[in-house]
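Me: I've got a chain open on my screen and I'd like to learn how to read its features one at a time. Could you walk me through it?

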Amino acid sequence: MAQKLSEEARRHKNKYNAEYVKQTKGAAQRKWDEDNKERKKQKSFFLWLPQDQDILNHLNTVDNVSGYIKDLIREDMNK
């Protein structure tokens, strides 16, 4: 049968596991970024408050902001 961990041991294990996940995900993400750096480009822009607050509020309601912006641009290109 499995032995129950003490509260202190459980906290230590959870902390260790969280740190392990952070390290491995970071390494995997860095590797993916390095392997795919030629395939992706980043563009950024500023929203100025308070005049752009309406845009920010709307973007906060969208699940996939990147996809939403891409769809808007493609729709504009097809006009």
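Me: Where does Y16 sit?
Reply: Helices here are DSSP runs of H or I with at least four residues, strands are E runs of at least two, and both are numbered from the N terminus. Y16 falls in helix α1, which covers residues 7-35. One thing to keep in mind: this is a predicted model, where local features need pLDDT of at least 70, side-chain atom pairs count only at pLDDT 80 or more, and totals for chains, interfaces and linings use all residues. Numbering starts from 1 along each chain as its sequence is written, and side-chain values use heavy atoms, with hydrogens and water left out.

Me: Is Y16 buried or exposed?
Reply: Buried means under 20% relative accessible area, exposed means over 50%, and partly exposed is in between (1.4 Å probe, protein chains only). Y16 has a relative accessible area of 53%, so Y16 is exposed.

Me: Which residues form a nonpolar patch with Y16?
Reply: Patches take residues with over 30% relative accessible area and no salt bridge; nonpolar side chains (Val, Leu, Ile, Met, Phe, Trp, Tyr) are joined within 5 Å, like charges within 9 Å. Here Y16 teams up with Y20 and V21 on the surface, and together they have about 340 Å² of accessible area. Areas like that come from the Shrake-Rupley method with a 1.4 Å probe, and for residues only the protein chains shown count as cover.

Me: How many salt bridges are there?
Reply: The rule asks for a side-chain nitrogen of Lys or Arg within 4 Å of a carboxyl oxygen of Asp or Glu. That gives six salt bridges. One of them joins R11 and E7, at 3.7 Å from N to O. Both residues lie in helix α1, four residues apart, about one turn of the helix. R11 counts as exposed because its relative accessibility is 52%, whereas E7, at 44%, counts as partly exposed. There's also a network of salt bridges linking E7, R10 and R11.

Me: What about D35 and K40?
Reply: D35 meets K31 in a salt bridge at 2.7 Å, N to O. D35 and K31 are also four residues apart in helix α1, about one turn, and both are exposed. K40 pairs with D33 in a salt bridge at 2.8 Å, N to O. K40 is partly exposed at 38% relative accessibility, and D33 is partly exposed at 27%.

Me: How many aromatic pairs are there?
Reply: Rings of Phe, Tyr and Trp (its six-membered ring) pair if their centres lie within 6.5 Å; planes under 30 degrees apart are stacked, over 60 edge-to-face, and the rest tilted. The count is one aromatic pair. The ring centres of F46 and W48 are 6.0 Å apart with planes at 40°, so this pair is tilted. Both F46 and W48 are exposed.

Me: And what should I take from the whole chain?
Reply: The chain has three helices and zero strands, running α-α-α from the N terminus. For overall extent, the radius of gyration is taken over C-alpha atoms, and the globule rule is 2.2 Å times the number of residues to the power 0.38. A compact globule of 79 residues would come out near 12 Å, but this chain has 22 Å. The C-alpha trace spans about 65 × 35 × 25 Å along its principal axes. Of the 79 residues, 6% count as buried. The chain exposes about 8200 Å², with carbon and sulfur atoms supplying 54% of that.
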